[in-house]
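Dear colleague,

Please find below the structure I promised to pass on, followed by my notes on what turned up when I went through it. I have tried to keep the notes in an order that you can follow with the model open beside you.

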Amino acid sequence: MGSSETDDLVQKQSDSSSEKISPITEHHPEKTSCDIIVSQPLEWLRMLCKELNGSFVLGVVFVYGFSQGFAGSFFRVVSDYYWKDVQKVQPSTVQMFIGFYYIPWIMKPLWGLLTDVFPIHGYKRRPYFLLAGILGAVSALIVSTCSKLTVVAAMFCLIGVTAGVAIADVTIDACIAKNSITKPSLAADMQSLCGLCTSVGALLGYSISGMFVHLLGAQGALGLLTIPPLLLILLGFVMYELKTVHSSDKRKTIDKVRNAMGGICKTIKWPQVWKPSLYMYLSLALSISTHEGQFYWYTDPKAGPAFSQEFVGMIFAMGALASIAGVLIYHKLLKDYPFRNLLFFAQLLYAVSGMLDLIFILRWNLLLGIPDYIFVVMEESCSRIISKIRWMPMIVLSTKLCPLGIEGTFFALLMCIDSLGSLTAKWSGGVVLHLLNVTRTDFTNLWLAVFIKTLLSIGTLGLIFLVPKAEQSDVMLPSDMLNKYTRVETEEEGLQLAAIDGKAEAQYDG
């Protein structure tokens, strides 16, 4: 669909919505605001299914809702208890272990290259959903059923679980990146759908995680992580994709790989690409993680507030609910703001929200008369709303930096950069916790680790000049680069969309 058609569609929707205000109120007085709240999301989903293909929307729900949202949140709580209660590892060590979870995400360019260049039996997407599901299900089954696993064996199994999620993620992201380029007006809507699915799935995962840890133990609860991979296997069978007419000529395959690598190298050299990519890495890397130290403190009966397993899950569940609010705030109010302005204020709020952690650890909330269980929910909710508002424009920006034809590989590269930033944050936080001697029972210097984290977040504001001033609906790359690596999509891709009309290019002020 071209830009003119998109404008017509938006205008029609706007006109129709304005026309409905008074007539519906007059002729159908029984229609309530609750009906409108329910009908608007359904109409939005129907529009996405019509414009983008229903199986694509189903893929987003399965991958982002169940695989990343539900499994990711459930995994976070249960694995923390697994390391603490089953393996009995120090918090700084667990912080380092969590960094290894990002290895499959750092390998996303490899997964992206495979999905773009190496079809399996003529299909570029469906086989990789099957692979991701099998890998995740087997890994979760082993770690949940085999008793007396060594630390190394348990680590490999948990990495296998995250690898399944990463492969599925890069496969669906290839479709998202392409759709964001060919239909830029829907880029923010697609990211809103992804964020909404992730948040709803996370709400469910966090809500039941503590209960299952209490009923089955940490190791037994990990067995529930076999369900989302089974849905990925189902997706591999039901997702609509035309069969690729794939040549068996090895020379052509090598040429495709060479062209893809060349396209990546040329694209990443553009200031419109490497500057925001550098900002995304540094903003994540400087936000060092002290989560494990805080988790051990949360559950400590002497030094901390001694939260129960169920309440820990509910804390994160409220955070997931707040993430949904963050997605809605972004979608309704912030998706039309320029990238630089939005990311500056989002980063500023993120740094300020870090002070809430410091207040809680120093127990100043008790001096203010706010009980622990109320304050921690307030702190988690504020943090998650701001984090979601900070994260979503960065993802939208990433989708707009991908040239057609290698969109899966290049978007995977950008997400690899983000994963490197998260890995750096996890390991840096582990080093800080170790240097400050934060252990399973000694939390004397935990406040200092959180204070250092807050200072680094404030320092990130000095890097905002790396972010373009472009609008979120702008086309970021020159039109010749967008079309340079495009293949004949009618033969190779079943999720194709119409070409972009016009040559709108974003202004970049660095």
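I begin with a contact between a charge and a ring: the charged end of R390 sits over the ring of Y350, at 4.1 Å from the centre of that ring. Please keep in mind throughout that this is a predicted model, and that the distances and angles below are computed from it.

Aromatic pairs

The structure holds 18 aromatic pairs. One of them is formed by W297 and F360, whose rings meet edge-to-face, with 5.1 Å from centre to centre and 85° between the planes. Because W297 belongs to helix α13 (residues 291-298) and F360 to helix α15 (residues 339-361), this pair ties together parts that are 63 residues apart in sequence. W297 counts as buried, since its relative accessibility is 3%, and F360 counts as buried too, at 2%. The ring of F360 also pairs with that of Y298, and here the centres are 6.0 Å apart and the planes stand at 50°, so the pair is tilted. This second pair likewise links distant parts of the chain, with Y298 in helix α13 and F360 in helix α15, 62 residues apart. Y298, at 6% relative accessibility, counts as buried. W297, Y298 and F360 belong to one aromatic cluster, which also takes in F307, F311 and F375.

Salt bridges

Which oppositely charged side chains pair up here? The structure holds 4 salt bridges, and I describe three of them, including the one between D189 and K335, whose closest N and O atoms are 3.7 Å apart. That pair links distant parts of the chain, as D189 lies in helix α9 (residues 187-221) and K335 in the loop between α14 (309-334) and α15, 146 residues apart. D189 itself is buried, with a relative accessible area of 8%.

In another salt bridge, R384 meets E380, and the closest N and O atoms are 3.1 Å apart. R384 and E380 both lie in helix α17 and are 4 residues apart, which means that about one helical turn separates them. Both R384 and E380 are buried. The side chains of D85 and K84 form a further salt bridge, at 3.5 Å from N to O. In that pair D85 is partly exposed, with a relative accessible area of 34%, whereas K84 counts as buried, at 16% relative accessibility.

A buried lysine and a covered helix

Is K400 buried or exposed? K400 counts as buried because its relative accessibility is 6%, below the 20% under which a residue is called buried. K400 is placed in the loop between α17 (372-399) and α18 (407-435). Leaving aside its neighbours within four places in sequence, K400 is in contact with S180, P184, A187, F339, Q472, S473, D474, M476 and L477.

Helix α4 (residues 91-100) is mostly covered, with 7 of its 10 residues buried. The buried residues of α4 are P91, S92, V94, Q95, F97, I98 and G99.

Backbone angles

Most residues other than glycine have a negative phi. You may therefore want to look at two loop positions, K148 and N437, which are residues other than glycine with a positive phi. For K148 the phi value is near 60°, and K148 is placed in the loop between α7 (126-145) and α8 (151-182). K148 counts as exposed, at 82% relative accessibility. For N437 the positive phi is about 60°, and N437 is placed in the loop between α18 and α19 (446-459). N437 counts as partly exposed, at 46% relative accessibility.

Cysteines

How many disulfides does the model contain? The count comes to 0 disulfides. Among the cysteines, C382 counts as partly exposed, at 37% relative accessibility, whereas C416 counts as buried, at 8%.

With kind regards

How values were computed. Residues numbered from 1 in each chain as written. Predicted model: local features only at pLDDT ≥ 70, side-chain atom pairs only at ≥ 80, totals over all residues. Heavy atoms only, no water. Helix = DSSP H or I, 4+ residues; strand = E, 2+ residues; numbered from the N terminus. Buried < 20%, exposed > 50% of the residue type's maximum accessible area, 1.4 Å probe, protein only. Contact = heavy atoms within 4.5 Å. Disulfide = S-S within 2.5 Å. Phe/Tyr/Trp six-rings, centres within 6.5 Å; stacked < 30°, edge-to-face > 60°. Lys NZ or Arg CZ within 6 Å of the ring centre and 35° of its normal.
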